[in-house]
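Subject: Structure for your files, with notes

Hello,

Here is the structure I said I would pass on. Please have it open while you read the notes underneath.

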Amino acid sequence: GTVAAMEIAEAFMLAKKAGHGPRRSVLIMPVSGEEKGLLGSKYYTKNPIYPLENTVANLNIDMIGRIGDFKDNPNYVYLIGADRLSQELHDISEQVNKKHIGLELDYTFNEEDDPNRYYYRSDHYNFAKNNIPVIFYFNGIHEDYHKVTDTVEKIDFQKIETITRLVFLTAWELANRDERIIVDKASKE
């Protein structure tokens, strides 16, 4: 996720330098302390650089370099939260993927009754509970999850690149629309 965020930041800056920057401001923000209680994102949402009501969406990237335990096909990403607050965000994500990327967008962990409760367990949630639409991009857990055996040679760099392109193009679409996306569902915090 950190590498993806850095690459997305670079892509936005290169576009701006070439005279084709986004119409809206884009904030690339890595946060820390997720495992300790979503501390970084909690701090930001209580002390934002820009007023939260000006935030159009939060695209959260975490663990996108491996194939999860329940998948055989590497051409997927789990999306969590895309339709929870804004059907329009979900539709944009689907359209961008269909037009440019072609990943299998898997919503298994997006179900309201998902026993893993990933929607509530990653940094996007502090934005969602403030009625900011979110998408959490995630590949699922694997046998090395949170272990010292989760080493760099197990990373699928092509997978990271593909998902990063999806996140960037989704962010690009959101940053260049005439109108901000509509929040048509309220947070159920």
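The notes below go from the overall chain to the sheet, then to single residues and ring contacts.

Overall chain

Please keep in mind that this is a predicted model. The chain contains 5 helices and 4 strands, and along the sequence they come in the pattern α-α-β-β-α-β-α-β-α. The radius of gyration is 16 Å, close to the 16 Å that the globule rule gives for 189 residues, so the chain is as compact as a globular protein of that length. Along the principal axes, the C-alpha atoms fill a box of roughly 45 × 40 × 30 Å. Of the 189 residues, 41% are buried. Taking contacts between residues at least 6 apart in sequence, 83% join residues that are at least 24 apart.

The sheet

The 4 strands form an open sheet in the order β1-β4-β2-β3, and the pairing is mixed. At the edges are β1 (58–61) and β3 (104–106), each of which pairs on one side only. On average, neighbouring strands of this sheet are turned by 30° against each other, direction ignored.

Going across the sheet in that order, the pairings are as follows.

- β1 with β4: the two strands are parallel and share 4 bridges. Asn 58 stands opposite Val 134 of β4.
- β4 with β2: residues 134–138 and residues 76–80 pair in the antiparallel sense, over 3 bridges. Leu 79 has Tyr 137 of β4 as its bridge partner, and Ile 80 stands opposite Phe 136 of β4.
- β2 with β3: these strands run parallel and are joined by 3 bridges. Here Val 77 has Leu 105 of β3 as its bridge partner.

What covers the faces of β2 and β4? In β2, 5 of the 5 residues are buried. Tyr 76, Tyr 78 and Ile 80 lie on one side of β2 and Val 77 and Leu 79 on the other, and both faces are covered. In β4, too, 5 of the 5 residues are buried, so this strand is largely enclosed by the rest of the structure. Val 134, Phe 136 and Phe 138 point one way from β4, while Ile 135 and Tyr 137 point the other way.Aromatic rings

The structure holds 14 aromatic pairs. One of them joins Tyr 119 and Tyr 125: the ring centres are 5.8 Å apart and the planes are at 75°, so the pair is edge-to-face. Tyr 119 and Tyr 125 are both buried.

Ring pairs also link Tyr 76, Tyr 78, Phe 109, Tyr 118, Phe 136 and Phe 138 into a cluster. Two of the strands described above contribute to this cluster: Tyr 76 and Tyr 78 lie on one side of β2, and Phe 136 and Phe 138 point one way from β4.

Two rings have a charge over them. The charged end of Lys 159 sits over the ring of Tyr 76, 3.9 Å from the ring centre. The charged end of Arg 117 sits over the ring of Tyr 120, at 4.2 Å from the centre of that ring.

Loop residues

Is His 124 buried or exposed? His 124 counts as buried, because its relative accessibility is 0%. This residue lies in the loop between β3 and α4 (125–128). Leaving aside residues up to four places away in sequence, His 124 touches Asn 58, Asn 60, Tyr 118, Tyr 119, Val 134 and Phe 136. Among these contacts, Asn 58 and Val 134 stand opposite each other in the pairing of β1 with β4.

Two further loop residues stand out by their backbone angle. Most residues other than glycine have a negative phi. Arg 117 is not a glycine, yet has a positive phi of about 55°. Arg 117 is found in the loop between β3 and α4 and, at 45% relative accessibility, counts as partly exposed. Asn 131 is likewise not a glycine and has a positive phi, of about 60°. Asn 131 is placed in the loop between α4 and β4, and its relative accessibility of 36% makes it partly exposed.

Regards

How values were computed:
Residues numbered from 1 in each chain as written. Predicted model: local features only at pLDDT ≥ 70, side-chain atom pairs only at ≥ 80, totals over all residues. Heavy atoms only, no water. Pairing = 2+ DSSP bridges. Axes fitted to C-alpha atoms, helices over the stretch in contact; angles between N-to-C directions. Buried < 20%, exposed > 50% of the residue type's maximum accessible area, 1.4 Å probe, protein only. Contact = heavy atoms within 4.5 Å. Phe/Tyr/Trp six-rings, centres within 6.5 Å; stacked < 30°, edge-to-face > 60°. Lys NZ or Arg CZ within 6 Å of the ring centre and 35° of its normal. Rg over C-alpha atoms; globule rule 2.2 N^0.38 Å.
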